[in-house]
Amino acid sequence: MNISAKHHFRAYTPAPITREQIDRAEILFGGLHWRAERVVEAVFENMGYRARALPAATRDDLMTGRELADIGQCCPTSFTTGNLANFLRAEAERIGPAAVADRYVYVTAGSCGACRFGQYHQSYELALRNMGLEAFRLFLIDQKKPDQGAAEGGGLDINMPLTIGAVWAILCTDVLQGLEYRTRPYEVQAGQTDAVVGDCVELLHEAFRKRPYRGKKWGTLAWHMSTGYFINVLREVFRRFDVIEVDRLRVKPIVKITGEFYLQTVEGDPNYNIHRWLESEGAEVYPAAIAVWLDYLIRCEVQKLEDKVGVEKGARAKLAALRGAQRLFRWSFDRMRAALGDIPFEMPDQYELRRLAAPYFHHRLSGGEGDMLVGKALWTHKKKKAHMICELSPYACMPNTMSIGAMAGVTGKYPDLLYAPIEIKGDAEVHALSRCQMILTEAKKRAIREFVEVMERTGLTPEEAKPLIDAHPRMNRATYRIPQTGIAAGMAANTLLQLAGARGTRKAA
Ligand code: SF4
């Protein structure tokens with residue numbers, strides 16, 4: 001037989017799964033932060049499945065991923081491959097490989113494109129083969145098809161209620177994460193924010209588990225867009241945050257996290273626990289909302305349609321419809337943010353990010369976050385949203401390497417933009433964190449300088465500000481909003497500006 005005919009490439013296809021088989025099985029998934037994963041579990045449950053997020057990935061998972069799949073792959077692929085492999089290996093030892101293939105399936109996002117993301121499932125397949133678990137089934141959710149239909153065998157239906165439910169779970173937990181990170185660095189009683197967040201995630205879990213069924217097609221989308229169901233739950237979340245007392249006069253640098261999707265999203269070993277580490281070093285972290293990535297995916301589709309206008313029949317109408325859908329998506333996010341007092345950071349406009357990045361990075365260069373990394377760094381800097389950008393760049397990641405190259409041009413033009421590109425290999429923590437610490441030291445000095453300038457501008461010292469805050473006890477609550485003025489980035493400086501504004505208004509009155 002002709003060798004090439006015998007060994008030609010074939011894309012991974014899972015064995016069929018029936019409804020009876022999936023009822024016996026548990027759906028595994030992962031790769032998000034813990035809040036989103038917990039609520040997505042409820043979305044699956046609401047659709048009649050049993051689901052479990054994999055445990056947070058560890059350094060041990062990285063080693064297993066490298067050992068079982070391609071050693072040269074980017075570190076997020078190694079982390080996620082090893083994470084699945086180690087879970088299944090432990091289960092195989094406990095119940096045997098045949099039972100593992102029967103009792104578990106794995107669901108993950110699939111893609112194609114310029115980077116490894118299009119080949120994750122091939123790494124998983126290779127690892128499973130190397131472990132003798134070829135019969136285990138992986139299913140891919142196409143990010144661009146919310147209504148993909150039933151997988152072969154009819155057991156797993158990736159339909160609109162499931163996909164929209166997962167997107168809404170992400171939006172709700174994004175805004176919750178935003179509120180949490182604007183609160184914890186200033187909490188008076190250590191640990192209180194974490195306790196409240198834990199309760200709120202369970203509240204959201206329960207709400208998504210009991211989500212009413214509103215049909216399989218567009219009716220469900222219309223209901224999610226218009227209902228007050230999730231907004232009411234988020235209002236209850238906001239009420240629970242009200243017990244947290246904060247001291248916003250602590251001067252802290254704000255560090256915006258950007259970088260590759262997986263590394264900026266998860267919180268744990270894959271990014272050296274950078275969120276908690278930065279907080280422990282005295283910073284406020286501005287986390288990366290997953291919604292921004294979803295908005296970017298819509299923008300990529302808009303860009304493709306823009307090219308077809310005047311060339312393909314109906315392209316103009318499709319473009320208008322997609323732009324409308326994008327506006328509705330952003331409106332839904334804003335509605336949820338408003339339910340949390342507009343305290344979480346807003347979602348940057350994709351077309352503004354594209355415009356800002358344009359001189360340095362072409363928006364057609366896809367793969368990873370494309371031009372968004374450059375756009376987000378400039379947006380954050382120019383609008384004074386943070387004192388420093390920490391870009392988490394995976395070892396062996398092509399798109400991030402390009403973005404770091406482009407950022408050399410940006411920092412040349414904006415030398416005052418504090419930018420820390422951190423290469424993440426998974427096993428060089430001291431090196432990465434010490435590099436971050438160098439820039440963080442400068443960011444701390446900048447936050448202090450900014451605070452002193454605002455003291456001079458407002459004529460208020462912290463000693464004078466404290467009684468003014470105490471006279472308005474609402475200002476000591478986590479639910480009180482200090483607006484980002486655009487004059488200063490830091491919470492303490494903006495608090496002084498807010499007090500000075502209120503004092504000025506009273507004097508004028
Ligand atoms: S963006 Fe980079 S790290 Fe992420 S999948 Fe693609 S190549 Fe890997």
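Modeller: Two strands are taken to pair if DSSP finds at least two bridges between them, and helices (H or I, at least four residues) and strands (E, at least two) are DSSP runs numbered from the N terminus. Residues are numbered from 1 along each chain as its sequence is written. This is a predicted model, in which local features need pLDDT of at least 70 and side-chain atom pairs count only at pLDDT 80 or more, while totals for chains, interfaces and linings use all residues.

Colleague: How many bridges join strand 7 to strand 8?

Modeller: Strand 7 covers residues 254–259 and runs parallel to strand 8. Within this pairing, Val255 stands opposite Val285, and Ile254 has Glu284 as its bridge partner. The number of bridges joining strand 7 to strand 8 is 3.

Colleague: What is the order of the strands in the open sheet with strand 8 and strand 10 at its edges?

Modeller: Strand 8 (284–286) and strand 10 (419–424) each have a single partner strand, so one side of each is left without a neighbour in the sheet. Strand 7 is also joined to strand 9 by 5 bridges, again in parallel, and Lys256 stands opposite Ile389 of strand 9. This open sheet has 4 strands with parallel pairing, in the order 8-7-9-10.

Colleague: Is strand 7 largely enclosed or largely open?

Modeller: A residue counts as buried if 20 or more other C-beta atoms, placed from the backbone, lie within 10 Å of its own. Ile254, Lys256 and Thr258 point one way from strand 7 and Val255, Ile257 and Gly259 the other way, and all are buried. Because 6 of the 6 residues are buried, strand 7 is largely enclosed by the rest of the structure.

Colleague: At about what angle does helix 18 run to strand 10?

Modeller: Axes are lines fitted to C-alpha atoms, for helices over the stretch in contact, and angles run from 0 to 180 degrees between N-to-C directions; two residues are in contact if their C-beta atoms, placed from the backbone, lie within 7 Å. Helix 18 lies across strand 7, strand 9 (388–394) and strand 10, and its angle to strand 10 is about 160°.

Colleague: Which helix gives the most to the shell around the ligand?

Modeller: The ligand is surrounded by 13 residues, the closest being Cys74, Cys115, Arg116, Gly368 and Cys397, where a residue is near a molecule if its C-beta atom, placed from the backbone, lies within 6 Å of it. Helix 5 (75–95) and helix 18 (398–413) each supply at least two residues of this shell. The helix that gives the most, with 3 residues, is helix 18.

Colleague: Between which domains does the ligand shell lie?

Modeller: The domain bounds come from an automatic or database domain assignment, which divides the chain into domain 1 (13–158), domain 2 (165–454) and domain 3 (455–508). Two of these both give residues to the shell around the ligand, so it lies between domain 1 and domain 2.

Colleague: Which are the edge strands of the open sheet with the order 2-1-3-4?

Modeller: This is an open sheet of 4 strands with parallel pairing. Strand 3 (residues 104–110) runs parallel to strand 4 and is joined to it by 6 bridges, with Val105 standing opposite Arg137. Each edge strand pairs on one side only, and these are strand 2 (51–53) and strand 4 (137–142).

Terms used:
A residue is buried if 20 or more other C-beta atoms lie within 10 Å of its own, exposed if 12 or fewer, and partly exposed in between; C-beta atoms are placed from the backbone.
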